[in-house]
Amino acid sequence: AELNLYATRANVALRNFELDSAIEDYVKALETAEAIGFLGNQAMTLNNLGKVYSQCDRYRDAISAFKEAEKTCLRIDEGPSLVAIHSNLAILHSKIGDYPSMEAALAAAERLAHSAGRREKFFLSHANGLARIFQGKYSEARNRLERAIAEGKALGDHHVVEFDDVYRAEALVFEGFLADAEEALVRLAEAGRTETVRRMALSRLAFLHASRHQKDLSAQAVHDYDRLEVRSGIPFLDAWNGVFLGWAHAQLGEQDEATKRLRPARAFFRRHGLLRMEDLTRAVEAHGLLASANGIGGRGSSLYAEAESLLARIEPRGQALLSILRPLLLARLLAATGKARANGEAYEGLMADAGAALALNPLAPWRDELERLRVAFTSGGSEDPKLIAPRSKDKGTSSTRTLALGAALKDEKPSRRGLVAESAAMKRLLAVVHRPVKRPRRVLR
C-alpha cells in the first residue's frame, strides 16, 4: 500500500509538471520497492525517475537511472519495460545530439516490441517521432507521430497525444504543409487546452505566419504566447518555444526582438550540453541578421560579418536540419555580399552540400530556396537574398479560425547548388531533391 501511494502520487505530480515532488515520491517508492524486493516495481520506478531527471535536464542522472532500470529488467526478463526504457533513452540521446546512441536505442526497442503491449508500442511510436523531431528529420517524425496519435487515442492517453499533435504540426510547417499545420496549431492554441500545450502551439503559429510574411498575425501569436503564464513550466520546452518565437522575428527582419528570444534559449542549451540545439539558435540568428542587413547598403556590413561568425561555429554532426540550413545560409551570405560569382567553387560546394542533405531530408521550403539560389546564380540575375526567402508550397491566406483565435484570446483573462552546375551528376541530385513528398494523413479528432 505504501509503495502504491508513493508511486501514484509521483505519477500525478509528473503529469502536472511538479517535477521536484515527483522525484521525491519516486525516490521513496524506489526505497520501499528495494526494501521488500519487488524488482518489477524497482524497474518501473527507475524508468520513471529517468524520465523526470531528463525533464529536469539532469541528463547524467537520467542515463544512470535508465541503465539501472535496464539491469533490473534483465534480471527478471521483462520485455515490455525494456521497450519503455530504450524508448526513453532514445529521446534523451536525441536531445543531446548523440544520434548513433539514439538509433541504437530505437533499434533495441523495435527488436523487443513484437512481444510488448499496446501501451509500450504506443510509447515507442511517440519516442521515435519525438527523437526524429530533435534530429530534424521531419517527414520521418510526422509518420511516426501520426501512428502514435492513433495508438494514443485508442488507449485514451490524451495527455501525450496533445504533445504529439503539436510536434506533428511542427513537422508539417517544416515540410511546407502550412494549411494543415495552421489548422492543427489554431485548434491546439484554443482555450481548454493546458497552457503548456497552448504556448507550444502559439510559438509555432508565430513562426508559421512569419514564414508567410503575415506580420500582424505573427505578432498576435507572440502577444498571446506572452499573456499565458505556466505555473510549473519546463525550461527545455520554454527554450524550444523561444527558438520558434525568435525565428518568427528573424524572418520578419526584427533582429532585436529575435535576439531577445534566442540568446536565453542558446544559454540554456549550452548550459545543459545540447550543442546541436545551441547551433540551431545560431542558424536562426544568422537568418535574422541576413534579413535585417538586406537593403541597407553599407550599413549592413557589420551584420553580414556577425552572421558569418555565427555560421562558422555551426557543426551539424548528424542534425538533419542544420545540414540544410548551414550551407544555404552561407550561400545566401555570399549572394548578399556580391561574392557568389567570385567564389564559384565554394558556392558550388555549398549548393551540393545542401542538395545532398535535402535528398535525404526533403523539406519543401528549403528545397525551393535551393532552386532559387541556383536559378538566380546561373541566370546572371540579382543576387539579392530578398529573391530567395523560403516560401511554402501551400502558402495562402489565413483561415477564419486563425483570425478568430486572436479575438478570443483578447477576451480571455490572463491566468497565470556552384553554380550547382548543369552537370549530369547535379541534375540527378536535383531530381532526387524534387521528388514529391507524401502529403500528411488526416488525423481524426
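Buried means under 20% relative accessible area, exposed means over 50%, and partly exposed lies in between (1.4 Å probe, protein chains only). The structure is a predicted model, in which local features need pLDDT of at least 70, side-chain atom pairs count only at pLDDT 80 or more, and totals for chains, interfaces and linings use all residues. Residues are numbered from 1 along each chain as its sequence is written, and side-chain values use heavy atoms, with hydrogens and water left out.

**Exercise 1. Classify R276 as buried or exposed, and list what it touches.**

Solution. Step 1: the relative accessible area of R276 is 11%, so R276 is buried. Step 2: R276 belongs to helix α15; helices (H or I, at least four residues) and strands (E, at least two) are DSSP runs, numbered from the N terminus. Step 3: apply the contact criterion, heavy atoms within 4.5 Å. Leaving out residues up to four places away in sequence, R276 touches G97, Y99, E315, P316, R317, Q319 and L322.

**Exercise 2. Check the length of helix α14 against its residue count, then describe its surroundings.**

Solution. Step 1: the expected span of a helix is 1.5 Å times one less than its number of residues. Step 2: α14 covers residues 255–271, which is 17 residues, so it should span 24 Å. Its end C-alpha atoms are 24 Å apart, in agreement with that value. Step 3: the buried residues of α14 are Q255, A258, L262, A265, R266, F268 and F269. Step 4: their cover includes α13 (235–251), α15 (275–293) and α16 (301–312). Step 5: just after α14, G273 has a positive phi of about 75°.

**Exercise 3. Repeat the length check for α9 and state how many of its residues are buried.**

Solution. Step 1: α9 has 18 residues, for which 26 Å is expected at 1.5 Å a residue. From first C-alpha to last it reaches 25 Å, which is close to the expected value. Step 2: 16 of the 18 residues are buried, and α9 is mostly covered. Step 3: just after α9, G176 takes a positive phi of about 95°.

**Exercise 4. Describe the largest pocket by volume, lining and residue class.**

Solution. Step 1: rolling a probe the size of a water molecule over the atoms shows where empty space is left. On a 1 Å grid over the protein atoms alone, a pocket is an open set of points where a 1.4 Å probe fits, with protein on both sides within 12 Å along at least five of seven lines; lining residues have an atom within 4 Å of a point. Step 2: the largest pocket has a volume of about 1,100 Å³, where a volume is the space filled by probe spheres set on the points, and grid points are joined across faces, edges and corners. Step 3: 33 residues line the largest pocket, and K51, Q55, N88, F123 and V160 lie nearest its centre. Step 4: α1 (2–15), α3 (39–55), α5 (79–96), α7 (118–135), α9 (158–175) and α13 each supply at least two lining residues. The most come from α7, with seven residues. Step 5: the lining has 18 nonpolar, nine polar and six charged residues. Here Ala, Val, Leu, Ile, Met, Phe, Trp, Tyr, Cys and Pro count as nonpolar, Asp, Glu, Lys and Arg as charged, and the others, Gly among them, as polar.

**Exercise 5. Place F123 in its helix and relate it to N88.**

Solution. Step 1: F123 lies in helix α7 and is buried, with a relative accessible area of 18%. Step 2: F123 and N88 are 35 residues apart along the chain, and their C-alpha atoms are separated by 8.8 Å. Step 3: beyond four places in sequence, F123 is in contact with A84, S87, N88 and I91.

**Exercise 6. Compare the burial of D57 and H213, each with a positive phi.**

Solution. Step 1: phi is near 65° in D57 and about 65° in H213; neither residue is a glycine. Step 2: D57 is in the loop between α3 and α4 (59–76), and H213 is in the loop between α11 (195–211) and α12 (215–227). Step 3: D57 is buried at 8% relative accessible area, whereas H213 counts as partly exposed at 44%.

**Exercise 7. Decide where the model should be read with caution.**

Solution. Step 1: pLDDT is the predictor's confidence in each residue, from 0 to 100. The protein chain has a mean pLDDT of 86, and 83% of its residues reach 70 or more. Step 2: over residues 385–392 the pLDDT is below 50, and this stretch has 25 contacts in the model beyond near neighbours in sequence. Step 3: over residues 408–434 the pLDDT is also below 50, with 65 such contacts. Step 4: where pLDDT is low, the predicted coordinates should not be read in detail.
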